[in-house]
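Trainee: Before we go further, I would like to understand how the labels used for this sheet are justified. Could we look at the model together?

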Amino acid sequence: MGATVSHDDHGHHHEEGFISKYIFSMDHKMIAKQFLVTGMMMGVLGMMLSIFFRIQLGWPGEESTVLNMFLGDDWAPNGILDRNMYLGLVTIHGTLMVFFVLTAGLSGTFSNLLIPLQLGARDMASGFLNMLSYWMFFISTCLMTISLFVESGPAMAGWTVYPPLSALEEAVPGSGLGMTLWLMSMAIFIASSLLGSLNYIVTVLNLRTKGMKMTRMPLTIWAFFVTAILGVLSFPVLLSAALLLLMDRTMGTNFYLSDIIVGGEMMDYTGGSPLLFEHLFWFLGHPEVYIVLLPALGITSEIIATNSRKPIFGYRAMIGSILAIGFLSFIVWGHHMFLTGMNPFLGGVFVFTTLLIAIPSAVKVFNYLTTIWKGNIVYTPGMLFSIGLVSTFITGGVTGIILADSALDITVHDTYFVVAHFHVVMGLSAIFGMFAGVYHWFPKMYGRMMNTKMGYFHFWTTLISGYGVFFPMHFVGIAGAPRRYYDYSVYDLFDKAQYEMILDLNVLISIFAILGAFAQGVFIFNFFYSIWFGQKAVQNPWKSNTLEWTTPVEHVHGNWPGPRPEVHRWPYDYSKPGAEEDFIPQIVPLAEGEEDH
Amino acid sequence: MESKFIILIVIVLGIVAISQLARVYELAAKLKGKKEEDISDSDNRMNARMMFAFMILFFGTVIYFYTEYGRGLLPEAASVHGVEQDWLMNLNIFIITTVFFLTNFLLFFFASKYYKRKGSKAYFFPHDNKLELIWTVIPSIVLAVIIILGLKNWNEVTGAPSEDAEKVELYSKQFSWTARYSGEDNVLGDFNYKLVNDDINNPLGVVTRVTMETQIEALKAKIVDEKAKLNSDSLVFADDIEYKMHKKVERLSRVVRRLEEELASYNDSLDIPALDDKIVRGDLHLKVNQEYEFQFRAEDVIHSAYFPHFRAQMNTVPGMKTRFKFTPTITTKEMREKLQDENFNYVLLCNKICGASHSNMYMLVQVDDEATYDAWIAEQPTFKSTVIDELNK
């Protein structure tokens, strides 16, 4: 670890070979880039899978050469998607997006990049653990990808992998080798996440530069910090859930199994409970939502303030709401289980705690609105995506109120209404946050600028297609259309009017999904093109206050060639009356008579 | 194969072409001295106007969807609690729609108004305790209302059923539903998954002395059969199959042992509630205005009993009983007239991922008037006549 941790005030400048610089790097900036590119690749894969099942949902039963080309004759004979593979696609799409893209891709990238840079640290507390964290993540992505090519198919029990479906291969073929790989991949992923989170927490607590009080940290860091704490406290629970499931599958235990006859075979399991798994899973699963969302909100806070040229409104309230959301996220998991047979009284308690989360969330939204009010908005692509995030956070957030209300959840539980809700509030918002972060910090990562015009095109097409996909889903769901259905032909038996509506809306949704996917091609092109051919960046392109923009454009090991910067003020002194410029970096000492925030 | 090759070439050429265009753009920008980080006034104005245009488009579409699809074309609630729940749902939708329009309007309006242009400046406004208090307190009050109304409804829906609620069991397995009516005594006979046996018409594992004895014999026969296969000289199995067969013998032996223990302490009076139970595999028939208490069970994996028209849902979980109660209020015939749809039916859908045919796991539900229902239920054979009498023959 010696080469990386540098509490002293001298940067390291030693030559490195290709392998230690680009592959087994212990430099947080390189690791951030590794997380980003791996996360993007998983994102492309996850999106492709979603297009495959959207083709099935939009045009059920029609032959598709695209499906046949990618999935082959086994899984898409004559271009018609196999029923089991449909479930496999849904499952792996969810797993990849939630864990690999929006947890590792988002948090891994920006926590790694920004925690040392914005705090004035030379690197993470442990560069070695940081490297280990990335490579374990990489191995887990490999295992998950490999599981797509297993003969009996990938895991098919939905991303929540509820047993007994996920425990018994007689129940669904994906619960054979595919599920074993899923569990192994997730176990390694969790280890990776824990290493990363521990590192982030220690770095934030110990390695802040002189003057960087906790109340002077940018909101990005606050968000990453709380996210890391959530991860450390909740991921181990998923690990134990996964290990118990693995034991049920391979060692003959029955933690989750009881009184089962499957595939005509009478099993002799007694005393296990599938509800145990659901509790353990959602004990992680709900904090996970905020593990995904908080970094995106942190990124947005920073970008909105910078590009509105205004301080973020209510800095302390923003910190307070991050902490409140973080705390509450641990006592709401039961709202996923209102209708599982859990005691209804307990359900009532979870209604109360869940709806409480709406309060800090509302505070955040109103604070964002007040920040852009009377601002001087500069429309960088990052800013556009941040505003998009606020919109999707509102739109997706309000439907959460219906789902959190157990009485109303009875009708919409496990329907497309839920799919719409979490895709808008968690999928779109988090991915918008990630895009915003990439556009904003690309100059810091690669020393070049991304193309703005392409960024505009990317934003507007993504916003329109994102809403185009997920808004109509609310209506499909409130009609009572269950999720994870291969097709809706059963509706033909009981309500033709609804059947037609579902068919129509599904076509619309699929078309927008395909458009949206193509729009992401523009982003990916822009990203890789700009790495090599983009315009060279200047040191502080967005005229921002935070410390990362005081480092040289060319990366140096240890971040600052000279001594570490000293911080004298909070990061949001934009357009402060009396100042010449509309920004005052954190390293500028307070003028005489000037008040700190 | 050829088509794939051509597609690949087109994609590669496309990327090259776009790269060249981008290159031209970069060079032109360089000549003009324009930098990516300097967002021009015209770009700011363009995006600000787009924000406004998007808002109009977005709100217009949302209003169109509300008027066109409303509650997703779901017919009115056909149960007592469903009517109240719909009222609550509409109230909640009204509240969230208001919040949605209000906050999204402010967002896009500010975004379109306060863009950077020549001479514009931002207003330094870091915090204001009064404002923050307002938007903490107001959501809290609204949420308090939502929580109180919601919990009131929830407690009623999940509370104990009245004494004249009729008990019906719904049994789920991949990929079908089976119903069991409790008969005249309104008590469901006991069950034991180890007794499930389709050969003797006992798909739900209803417990009686006879079904227990028969099942023990049947399982013993299976064990003998399996052992014979294993010991046979003419049959050779692959290692893993042979291992599985050994396991199966062990497993079934354990099941038999447990059943024998249970039989030893069995009290014949437990037979009685089971005798008049009626197992129904076709449509589920319900009597209008009759409260029902459903008991749910699952045979293999978790399923979910979802009755969208009655606003009712409950998971079915292997190894435990779950419950839900509701009272249907509109007969199928009346609903067909209301909807002017001769083919309309109530339905029970599976709403928890359960395997390949998840989307085809359903049971149609008929809500009958009293006379029709009574005639129908009288026709259904009892457990005694379909199983016990047959076995005793």
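Mentor: In this predicted model, strand 1 (residues 166-173) of chain B lies alongside strand 5 (residues 292-298) of chain B in the parallel sense, with seven bridges between them.

Trainee: What makes strand 1 and strand 5 of chain B a pair?

Mentor: A pair needs at least two bridges found by DSSP, and strand 1 and strand 5 of chain B share seven bridges, so they count as paired. Among the bridge partners, Glu166(B) is matched with Tyr292(B), and Val168(B) is matched with Phe294(B).

Trainee: How do you know that strand 1 also pairs with strand 2 of chain B, and in which sense do they run?

Mentor: Strand 2 (residues 176-181) of chain B is joined to strand 1 by six bridges, and the two run antiparallel; since the requirement is at least two bridges, they too are a pair. Lys173(B) has Ser176(B) opposite it in strand 2, and a hairpin of two residues connects the two strands.

Trainee: Why are strand 3 and strand 8 of chain B said to stand at the edges?

Mentor: The open sheet has five strands in the order 3-2-1-5-8 (chain B), with mixed pairing. Strand 3 (278-280) and strand 8 (322-326) each have a single partner strand, so one side of each lacks a neighbour in the sheet. On average, neighbouring strands here are turned by 25 degrees against each other, direction ignored.

Trainee: What makes strand 1 of chain B mostly covered?

Mentor: A residue is buried when 20 or more other C-beta atoms lie within 10 Å of its own, and seven of the eight residues of strand 1 are buried, so the strand is described as mostly covered.

Notes:
Residues numbered from 1 in each chain as written. Chains lettered and ligands numbered in written order. Predicted model: local features only at pLDDT ≥ 70, side-chain atom pairs only at ≥ 80, totals over all residues. Helix = DSSP H or I, 4+ residues; strand = E, 2+ residues; numbered from the N terminus. Axes fitted to C-alpha atoms, helices over the stretch in contact; angles between N-to-C directions. Buried ≥ 20, exposed ≤ 12 C-beta atoms within 10 Å, placed from the backbone.
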